6 protein chains.
Amino acid sequence: MTIAVCPGSFDPITLGHLDVVRRARTLFDRVIVAVARNPGKSGLLDLDARAALARTAVAADPVTADVEVGVADGLLVDFCREVGATAVVKGLRGGADFDAELPMALMNRHLSGVETVFVVADQAYAHIASSLVKDIARNGGEIGDLVPPGVADAVRAAVGRGVSDHTRAGRTGTGPMP
Amino acid sequence: MTIAVCPGSFDPITLGHLDVVRRARTLFDRVIVAVARNPGKSGLLDLDARAALARTAVAADPVTADVEVGVADGLLVDFCREVGATAVVKGLRGGADFDAELPMALMNRHLSGVETVFVVADQAYAHIASSLVKDIARNGGEIGDLVPPGVADAVRAAVGRGVSDHTRAGRTGTGPMP
Amino acid sequence: MTIAVCPGSFDPITLGHLDVVRRARTLFDRVIVAVARNPGKSGLLDLDARAALARTAVAADPVTADVEVGVADGLLVDFCREVGATAVVKGLRGGADFDAELPMALMNRHLSGVETVFVVADQAYAHIASSLVKDIARNGGEIGDLVPPGVADAVRAAVGRGVSDHTRAGRTGTGPMP
Amino acid sequence: MTIAVCPGSFDPITLGHLDVVRRARTLFDRVIVAVARNPGKSGLLDLDARAALARTAVAADPVTADVEVGVADGLLVDFCREVGATAVVKGLRGGADFDAELPMALMNRHLSGVETVFVVADQAYAHIASSLVKDIARNGGEIGDLVPPGVADAVRAAVGRGVSDHTRAGRTGTGPMP
Amino acid sequence: MTIAVCPGSFDPITLGHLDVVRRARTLFDRVIVAVARNPGKSGLLDLDARAALARTAVAADPVTADVEVGVADGLLVDFCREVGATAVVKGLRGGADFDAELPMALMNRHLSGVETVFVVADQAYAHIASSLVKDIARNGGEIGDLVPPGVADAVRAAVGRGVSDHTRAGRTGTGPMP
Amino acid sequence: MTIAVCPGSFDPITLGHLDVVRRARTLFDRVIVAVARNPGKSGLLDLDARAALARTAVAADPVTADVEVGVADGLLVDFCREVGATAVVKGLRGGADFDAELPMALMNRHLSGVETVFVVADQAYAHIASSLVKDIARNGGEIGDLVPPGVADAVRAAVGRGVSDHTRAGRTGTGPMP
């Protein structure tokens with residue numbers, strides 16, 4: 001039985017993430033989502049809130065109903081060892097994505113032998129990234145069709161509390177909003 | 001009549017930016033420069049100062065003399081809607097640039113149908129980026145041939161006030177200066 | 001006699017860095033390592049500590065025994081001028097690396113005529129990056145086979161002092177560790 | 001009035017091509033499809049057959065109903081000059097696409113000042129390339145949902161005649177078929 | 001039980017190919033190597049010879065001893081359907097590789113739902129490509145450490161017979177040999 | 001003394017090639033241009049004609065006046081060994097270029113230890129490639145400002161003789177000419 005881990009910061013989980021988890025589940029016998037801190041960013045939602053949203057989202061889809069969600073608070077390879085995973089699954093969108101992932105995939109292989117497997121996300125979700133979702137929410141845009149049910153409310157509430165993973169200023173620029 | 005927006009943080013506007021605006025103006029009937037906040041950076045110049053410098057720069061070039069400059073303080077798609085723009089114009093230098101722009105272009109299309117159009121910047125300006133310009137200025141280097149008239153003075157004044165978009169330390173390293 | 005500079009933040013120096021310095025030394029008559037600040041990061045080790053570790057590392061390898069190490073506290077082109085270097089040597093791993101280096105190489109050529117030369121790092125070190133080394137150390141992982149002798153102790157000591165180049169939180173996520 | 005040319009070998013025209021032509025038409029006042037020879041390939045369909053299929057396809061879509069189709073039998077810049085076009089429109093899928101197009105875009109600008117404009121194809125067509133369409137047809141696969149009406153019959157007929165742009169062997173391998 | 005196919009032209013099989021097959025076998029319950037024609041190349045070895053060499057190579061490695069080898073003479077998706085495979089495994093070296101594979105992966109998913117999974121080849125084999133192996137052999141270079149036992153003899157014999165997948169001229173240039 | 005080789009098919013030599021040779025000469029004590037066959041292409045000019053044009057071109061520039069030109073008729077590493085070169089110099093334009101060069105650089109290092117060094121070509125020549133030069137000449141375009149003196153006449157004469165490195169048809173399409 002091959003066990004695979006889908007790591008990410010999931011801040012918040014999006015329809016794009018769910019698509020990758022679903023593909024991982026069709027390929028591997030057991031799949032565990034690992035919600036992790038992202039170095040250099042404080043995050044909009046805290047780790048437990050992100051894990052709760054992810055848990056609800058995977059539970060609602062028949063394909064991923066038996067996918068587990070954990071919080072990873074240390075090396076990804078340690079998390080994989082604890083759960084017995086020999087594979088890490090990540091989605092790729094373009095060549096630059098791969099170049100950025102390569103050193104991490106090789107390092108994880110070096111540290112513990114865990115294999116990183118790349119899948120191609122559904123092109124219908126190619127525009128969805130957590131950072132863009134948060135930018136849109138901060139500017140009052142509609143995010144309901146970018147995330148699983150329940151996530152939009154949580155993001156809007158967090159944004160309303162003034163929590164921010166950048167500086168205080170919630171307005172952004174080079175992305176989809178100025 | 002096709003209206004196009006050239007978005008960016010323009011902190012400060014460079015000769016490379018001007019080149020893209022000029023190309024946009026030859027392609028579209030009306031062009032508006034949108035000066036926007038850049039998420040995660042506080043900026044060297046404030047938004048109004050950036051817009052003023054951009055306004056002076058486009059006014060001085062016959063090709064771009066009728067280009068308008070606005071401050072975008074929200075979603076780029078909202079700005080486009082307000083001014084009636086159906087196209088966003090960005091300059092590309094290499095493949096990695098495109099991979100970084102792709103999700104934003106797709107998201108903006110998803111949100112409002114606005115089309116992102118990529119042009120190739122003049123190779124004579126391939127070395128000019130706002131971040132490099134500021135790094136050079138902080139280290140006392142000459143930036144007069146990288147930016148439109150008037151911009152170098154404004155940047156040097158801001159740098160002299162100790163304003164910085166990094167930490168306080170104005171010295172940099174992996175870029176053109178250590 | 002051609003003099004070349006190997007610039008970087010070397011925070012800390014790794015076996016991957018040493019490999020690039022070694023290749024530079026086989027190509028050029030005199031090689032100087034330039035330890036520089038990295039804009040936007042405060043760094044784990046201070047500049048002098050990084051230079052000291054680099055000095056010990058190059059001295060221990062016969063190929064690089066005569067390589068000098070300096071601290072660059074200004075424009076890289078100024079450092080090159082002071083030491084009489086006409087070439088800058090950098091290692092490349094993938095196409096996205098090159099796209100990121102290109103504007104800086106062109107800018108340095110523009111500022112002073114210094115030529116940037118890219119070498120291919122040994123694939124055996126393709127997984128080693130200073131940022132990953134620090135992430136692993138913060139999470140109690142083994143880094144002894146990623147850095148030259150002596151460096152692991154210095155990194156562990158600095159990590160133990162709670163020094164961090166991100167926020168206070170030493171745990172990371174999308175990289176090799178969650 | 002800005003006139004734009006959409007060049008390609010269109011051997012045969014696909015739904016992906018049509019999508020790019022449609023986007024070009026929303027951006028420019030007049031659009032002309034230029035069916036051209038592809039150096040190094042003899043082609044499955046002859047130039048006139050390709051142009052006829054393209055003409056039928058654009059005529060059937062209200063957005064592109066007034067798009068013209070021509071056969072380009074010389075330099076693209078000469079074709080643009082003849083029709084008065086100042087822009088060339090191409091679709092991009094990934095960063096490597098852009099790197100391949102860049103020298104041609106710069107050369108055309110050098111030769112005549114014509115500007116190349118890149119648009120992002122609809123992700124729903126990201127899998128469609130003329131070469132894959134022909135490979136599938138040669139192996140008896142279904143191509144009806146990859147091309148405009150009428151094109152599938154023409155391709156199947158040409159394949160049945162044993163016409164081939166590779167060698168005689170119609171079987172392929174590293175692509176979607178072995 | 002998840003069945004995966006490793007497709008390629010394997011002309012000839014190399015140590016790099018074997019490494020990818022080995023990784024596929026650790027991830028999936030059953031793995032089948034699909035030796036396929038490569039469009040546009042006539043090949044050095046015929047399909048049966050390639051399959052025989054691949055069969056010997058996988059049989060000699062305990063990890064891949066139960067991997068099967070078939071000849072694919074049609075669409076890859078048809079081959080996958082016949083053997084019941086739901087995954088295709090390919091090795092990636094750099095971002096440009098991914099950009100080239102993406103349309104094929106998406107097309108295969110469109111045609112039959114088969115999922116393409118990318119693994120990272122061992123960096124120790126990053127220099128090995130079948131085309132380079134043949135170039136070296138044609139020029140009398142040593143290829144014994146690039147391919148599994150037995151393959152070097154078969155390649156040398158084929159090269160000696162004057163078989164060539166280019167033109168008759170066996171000398172090459174921009175690659176590792178001029 | 002470091003000896004470097006600049007390999008290529010030089011069919012014909014362009015101003016872009018000359019720029020790379022000039023940079024190589026400023027970095028290394030002795031530089032040799034290696035004119036080589038290009039696998040899979042028969043070439044417009046024969047090897048001796050290409051070498052003669054390259055010889056005239058480098059002789060006319062004071063920086064490269066002492067650069068030698070040889071014909072490489074075998075492995076590049078064998079050529080390097082014969083002339084005592086320890087470095088190969090190539091120009092890079094974008095990330096995809098690097099990804100394509102990487103396996104060859106690693107293979108040459110594996111075969112003989114020769115180091116490949118990449119330089120950045122002058123952006124003023126970013127549009128010049130031998131294949132585009134030939135395409136333009138075949139279609140009667142002006143190439144005099146793309147190649148060194150004397151080369152344009154030789155190319156036009158060869159094109160006039162009906163020599164072609166594609167099929168007989170000299171017209172091209174997806175490139176700068178349809």
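Biologist: What makes the ten strands with the order 3(C)-2(C)-1(C)-4(C)-5(C)-5(F)-4(F)-1(F)-2(F)-3(F) an open sheet, and which strands stand at the edges?

Modeller: In this predicted model, the sheet runs through strands of chain C and then strands of chain F, with mixed pairing. Strand 3 (68-72) of chain C and strand 3 (68-72) of chain F each have a single partner strand, so one side of each has no neighbour in the sheet. Those two strands are therefore the edges.

Biologist: How are neighbouring strands of this sheet turned against each other?

Modeller: On average the turn is 35°, with direction ignored.

Biologist: How do you know that strand 1 and strand 2 of chain C pair, and in which sense?

Modeller: Two strands pair if there are at least two bridges between them. Strand 1 (residues 3-8) of chain C and strand 2 (residues 30-36) of chain C have six bridges, so they pair, and the sense is parallel. For a place to look, find C6(C), which stands opposite V33(C) in strand 2 of chain C.

Biologist: Which helices of chain C pack on the sheet, and what do they touch?

Modeller: One of them is helix 2 (residues 47-59) of chain C, which touches strand 2 and strand 3 of chain C. Its direction makes about 165° with that of strand 3 of chain C. Angles over 145 degrees count as roughly antiparallel, so helix 2 and strand 3 of chain C fit that word. Helix 3 (residues 76-83) of chain C also packs on the sheet, touching strand 1, strand 2, strand 3 and strand 4 (87-92) of chain C. The direction of helix 3 makes about 150° with that of strand 1 of chain C, so roughly antiparallel is the word for this pair too.

Biologist: Why are helix 4 of chain C and helix 4 of chain F called oblique to each other?

Modeller: Helix 4 (residues 95-112) of chain C and helix 4 (residues 95-112) of chain F pack at about 135°, and their axes are 7 Å apart. Roughly perpendicular ends at 115 degrees and roughly antiparallel needs an angle over 145. The angle of about 135° falls between those limits, so the two helices are oblique. Their crossing is right-handed.

Biologist: Which residues make that contact, and how do they divide by class?

Modeller: Helix 4 of chain C brings G95(C), F98(C) and D99(C), while helix 4 of chain F brings G95(F), F98(F) and D99(F). They divide into two nonpolar, two polar and two charged. Phe counts as nonpolar, Gly as polar and Asp as charged, so you can check the division yourself.

Biologist: Why is the relation of chain A to chain E that of a two-fold axis?

Modeller: A turn of 180° with a shift of 0.0 Å along the axis lays chain A on chain E, with an RMSD of 0.0 Å. That is the relation of a two-fold axis. The same surface serves both copies, as 100% of the contact residues of chain A recur in chain E. Of the residues of chain A, G95(A) comes closest to the rotation axis, with its C-alpha at 1.8 Å.

Biologist: What is notable about the backbone at F10(A), and where does F10(A) lie?

Modeller: F10(A) has a positive phi of about 45° although it is not a glycine. You will find F10(A) in the loop between strand 1 (3-8) and helix 1 (15-27) of chain A.

Notes: Residues numbered from 1 in each chain as written. Chains lettered and ligands numbered in written order. Predicted model: local features only at pLDDT ≥ 70, side-chain atom pairs only at ≥ 80, totals over all residues. Heavy atoms only, no water. Least-squares fit on C-alpha atoms with pLDDT ≥ 70 in both. Contact = heavy atoms within 4.5 Å. Axes fitted to C-alpha atoms, helices over the stretch in contact; angles between N-to-C directions. Helix = DSSP H or I, 4+ residues; strand = E, 2+ residues; numbered from the N terminus. Left-handed = near helix turned anticlockwise from the far one by under 90°.
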